[in-house]
Amino acid sequence: MEWVDRVIMGWIRGVMQTARDNYGVDPVVFLVIYLVTVPFFYYSIFRMVRALAVKKQQEILAWSMVFLGSTAAPFIYVLIFGRNLPWWVYVVIALLLGQGV
């Protein structure tokens, strides 16, 4: 069973190194940004629903911007620091951000 761990971890390390070398994106930084924005994402949904219930338009707008920012932050990192990205990466990012909007 130990060899499975070595194979899987070796594959993950290889993919991470490829992302760093070929595309200029550090997967660890992406993951950290993603994990840091998760609480803001869920809290903004909670606050948006609360604002919708009492019909406070200004709060809805403010919390929807927090929602969009927390959704987009890791992908903006990829767009800013990524280089030589395949065309389909831009399509996937656009779809993911479109889903968040």
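Student: Where is the place of leucine 68?

Tutor: Leucine 68 sits in helix 3. Keep in mind that this is a predicted model.

Student: What makes leucine 68 partly exposed?

Tutor: Its relative accessible area is 32%. Buried means under 20% and exposed means over 50%, with partly exposed in between. Leucine 68 has 32%, so partly exposed is the label. As for its surroundings, leucine 68 and phenylalanine 41 are 27 residues apart in sequence, yet their C-alpha atoms are 8.2 Å apart in space.

Student: Let's step back to the whole chain. How many helices and strands are there in the protein chain?

Tutor: The protein chain has four helices and zero strands. Reading from the N terminus, the order is α-α-α-α.

Student: Why is the protein chain called more spread out than a compact globule?

Tutor: Its radius of gyration is 18 Å, whereas the globule rule gives 13 Å for 101 residues. Since 18 Å is well over 13 Å, the chain is more spread out than a compact globule. You can also picture the box that its C-alpha atoms fill, roughly 55 × 35 × 20 Å along the principal axes.

Student: How much of the protein chain counts as buried?

Tutor: Of the 101 residues, 23% count as buried. The chain exposes about 7,400 Å², and carbon and sulfur atoms supply 72% of that.

Student: What about the charges of the protein chain, how far apart are their mean positions?

Tutor: There are 8 positive and 5 negative charges, and their mean positions are 14 Å apart.

Student: Now helix 1. How do you know what it reaches from its first C-alpha to its last, against what is expected?

Tutor: Helix 1 covers residues 2-23, which is 22 residues. Its span is 31 Å, close to the 32 Å expected at 1.5 Å a residue.

Student: Which residue just after helix 1 takes a positive phi?

Tutor: That's glycine 24, with a phi of about 70 degrees. Glycine 24 lies in the loop between helix 1 and helix 2.

Student: What does glycine 24 touch, not counting residues up to four places away in sequence?

Tutor: Glycine 24 touches Ala19, Tyr77, Phe81 and Arg83. With leucine 52 the story is one of distance: glycine 24 and leucine 52 are 28 residues apart in sequence and 41 Å apart in space, C-alpha to C-alpha.

Student: Why is serine 44 called buried?

Tutor: Serine 44 has a relative accessible area of 0%. Buried means under 20%, so serine 44 at 0% counts as buried. This residue lies in helix 2, residues 27-54. Leaving aside neighbours within four places in sequence, serine 44 is in contact with Trp63, Val66 and Phe67.

Student: And how do you know that serine 70 counts as buried?

Tutor: The value for serine 70 is 8% relative accessibility. The cut-off for buried is under 20%, so serine 70 at 8% gets that label. Serine 70 is found in helix 3, residues 57-81. Beyond residues up to four places away in sequence, serine 70 touches Thr37, Phe40 and Phe41.

Student: What makes serine 64 partly exposed?

Tutor: Serine 64, in helix 3, has a relative accessible area of 23%. That value falls between the 20% and 50% cut-offs, so serine 64 is partly exposed. Ten residues along the chain there is proline 74, and the C-alpha atoms of the two are separated by 17 Å.

Student: Why is lysine 55 called exposed?

Tutor: Lysine 55 has a relative accessible area of 68%. Exposed means over 50%, so lysine 55 qualifies. You'll find lysine 55 in the loop between helix 2 and helix 3. Its phi is near 60 degrees, a positive value in a residue other than glycine.

Student: How do you know that asparagine 84 counts as exposed?

Tutor: Asparagine 84 has 61% relative accessibility, and the cut-off is over 50%, so exposed is the word for asparagine 84. Asparagine 84 is in the loop between helix 3 and helix 4, and its phi is near 60 degrees, a positive value in a residue other than glycine.

Student: Last one: what makes proline 86 partly exposed?

Tutor: Proline 86 has a relative accessible area of 22%. Buried needs a value under 20% and exposed one over 50%, so proline 86 at 22% is partly exposed. Proline 86 is in the loop between helix 3 and helix 4. Proline 86 and tyrosine 23 are 63 residues apart in sequence, with their C-alpha atoms 9.3 Å apart in space.

Technical notes
Residues numbered from 1 in each chain as written. Predicted model: local features only at pLDDT ≥ 70, side-chain atom pairs only at ≥ 80, totals over all residues. Heavy atoms only, no water. Helix = DSSP H or I, 4+ residues; strand = E, 2+ residues; numbered from the N terminus. Rg over C-alpha atoms; globule rule 2.2 N^0.38 Å. Buried < 20%, exposed > 50% of the residue type's maximum accessible area, 1.4 Å probe, protein only. Areas by Shrake-Rupley, 256 points an atom, 1.4 Å probe, with all protein chains shown as cover. Lys, Arg positive; Asp, Glu negative; His and termini not counted. Charge placed at Lys NZ, Arg CZ, Asp CG, Glu CD. Expected span 1.5 Å × (residues − 1). Contact = heavy atoms within 4.5 Å.
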